[in-house]
Amino acid sequence: MDLDDYKNVKPIDWQDKISQLGQMHEYSVSASGGSEKTTYMASFNYANQKGIILNTGMKNYVGSMNITQKIGNRMQLVMRANYAEKERTGMQVNYGQGSSAYMYKVWSYRPISTNGVDLTHELEDPERPESGVPMFNPLLQTQNTDQKYITRQLRTSAMFNWNILKCLKFTTSISYTSTESQTDIFNNSKTEAGSTLPGRNDGINGSRRISRTSNILNENTLNFNKKFDNIHDLAVTVGCTQQKNVTDIFEAKATQIPITSEWRGIEALDEGLSQKIMSKKLTEWAMQSVIFRSNYNYDRKYYLTFTVRADGSSKFAHDNRWGKFYSGAVRWRFSEEDFVKNNIGSWFSEGSLNLSYGSTGNNGIGEYAYLPQMGFSSGGTYYDYSFNDEYPTTGAIVSSIGNSKLKWETTYTFNARMDLGFFDNRIYLTAEYYKKDTKDLLINATLPAHIGYGSAYRNIGRVENKGFELSLNTVNIKKRYFNWTTDFNISFNRNKVLALANNQSVLPADNLKIPNGAALYIAKVGQPIGMMYGALTDGLYQYEDFRKGSDGSWILRDDVVAQSTHANRKGVFPGYQKFKDLNGDLQITQEDLTIIGNPNPDFTGGITNTFRFYNFDMSLFFTFSYGNDILNMNRYYLEEGRSLSSNQFASYADRWTVDNPNGKLPRARSANNTAWGSDRYVEDGSYLRLKNLNIGYTLPIKVSQRFFVSNMRIYLSAQNLFTVTGYSGQDPTVSTMSNARTPGYDYSAYPVPRTFIFGAQISF
């Protein structure tokens, strides 16, 4: 059989096979009431969503209760309780790199059988080459996935207010939050991780991870607020807070669970032939803060604000635990000046200028990052030691060094804002400029090899963020039976790396690399954070780049750039990818890698139009982004024929072949010689999206009363109705790596659904 025999065979669309019509049900109910002294409010919300991928979904339960009790004429007690539970089930799609990512398995699995086998029922590709990577059936994988991610959170608080004097108020509150996260993963015999396929040695297995966190917070403030001579208004606040957080983590795993017990799922862990505790960890941190804030305004024209606070964190060594932060602001409402009122007509209704400058702190590191960390035997790595030639006992090593000089990361922010209102604020414009300078960044930095440790937290580097934001709110039409309003905003943000550690000019993002190769993102002094990094493509090698050897082989001409180093010149053939030689040495090395893309947009924004006509209402919300790049790594794995056993995107048909020397893509398997990314996977991510459309109708009161309700509104809402973009991937808003150093990365992302919701809002 040849290729033509398969052209009329209907292939299996695996993405269609693993997809389903998602459904969501959501119900909310609330009640409030009380007396002159006591009031209450209670609410409950339930949501059940079936995902658009088989066997995925989510359930949410949220309940809350608030009670306010007046005590005499000067005191008040407010008590709140909130419970939330979230259960997510099914495959983790946005997880893994290379062939371990789920959507890669979906897109790369064989779509046609050459021997009539029903591929939907086979655990593994029955026709993969012996040298190919084992491919597991993605449909069976998601159908048999037994994974649950459950979060339960209880938040309670009590607040006491005491009006000591008319101008003096004392407030104290205490809150307690308990959070439990549970992850259950069970891999039965029809999943890749639980199968007996090559490279899988655990058999049927499962694990349970439980994390329990308790957080207690106490806040105390004393507020003075008084007006003098009807033109001076002074408010002063002093306060202190204390907070403590404790987290307890436990994880256990069992392997080789008997197949006769796999029906029990995660409850069969106790029958595993090997059981072990994967981790047991108890961590604590605490904070204290002291704050002083004063606000003064003169005749509602001139405003002054000053704040100073000191924060202490147990995440730093004793000498560096406290950080002091200041801020100040001024505001001028020039629309209240007589020279404005007397010289400008009534069409000008509001005008103010605001300036502020201040500092804030960040302690976002691990609880014990300033201390050396100990490592114990786990996962095939053993630190056991034998004393007196006896059987080795469990040992430990210093796995990372500490840094007692760690201190608060500090951000200094300047802000200038102008507000203008016209025609009784029917046109309201806000223009804002900001500049943030972040110093002493807390980064887990790579250490020199001679130190003997891979990385350690350090206060390194400096980053600048600045930008301009504009918002315009207008009431276009305001009639008795017809209203139309528009809200528009646009943002221009720029960031720049000002300094790195030890006079470095470049810091690679080591968490995201080409397999066995170079980093895909870098931070470079003078450039924005998270720039895409790699080689610049320069077309494909063609026949004229070679000469014929005496044995008929193709030999790259000496004056043509090699695909990598000179040592690999003989491994290059017509149709291979060619890269630009930036330093002119006729080879591609680390010196030729450069910035290939910028994930930061030139501007972003949104616009909302809201209409009301009699009892009908409608709103449309558009979002947009322009100028940002996306690193589409799906194309890296599925547009270059890297594996003999994987299917490719349809675009791969336009690759270089002997019969198609003008193909846009490199010849099959030619990219395996390179160990870096390239601009061939970088695409423009600009888009315009109709994010939300909402249409509603409110029943007339007389009609509502027939249903024994005071108000009823029925509505239809739709999300992600359409997107205008030139991006070839599924979603231009994608960023599957939640890291500020690797934005705009697209690989194996969960598909973005188009959602339609029909609902009713009822008041009794």
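The exercises below work through one arginine, the nonpolar cores and the cysteines of a predicted model.

Residues are numbered from 1 along each chain as its sequence is written. In this predicted model, local features need pLDDT of at least 70 and side-chain atom pairs count only at pLDDT 80 or more, while totals for chains, interfaces and linings use all residues, and side-chain values use heavy atoms, with hydrogens and water left out.

**Exercise 1.** Describe the setting of Arg689.

Solution. Start with the strand: Arg689 belongs to E31, residues 687-698 (strands are DSSP runs of E, at least two residues, and helices are runs of H or I, at least four, numbered from the N terminus). Next, Arg689 counts as buried because its relative accessibility is 5% (buried means under 20% relative accessible area, exposed over 50%, partly exposed in between, with a 1.4 Å probe and protein chains only). Finally, its contacts beyond four places in sequence include Phe621, Asn720 and Val752 (heavy atoms within 4.5 Å).

**Exercise 2.** Locate the largest nonpolar core and say which helix gives the most to this core.

Solution. This core has 33 residues, and Leu520, Tyr521, Leu631, Met633 and Tyr745 have the most contacts inside it (a core is a set of buried Ala, Val, Leu, Ile, Met, Phe, Trp, Tyr and Cys residues joined through side-chain atoms within 4.5 Å). Helices H2 (102-108) and H5 (633-638) each supply at least two residues, and H2 gives the most, with five.

**Exercise 3.** Assess the disulfides and the exposure of Cys167 and Cys240.

Solution. The whole structure has zero disulfides (pairs of cysteine sulfur atoms within 2.5 Å). Cys167 is buried at 17% relative accessibility, whereas Cys240 is partly exposed at 29%.
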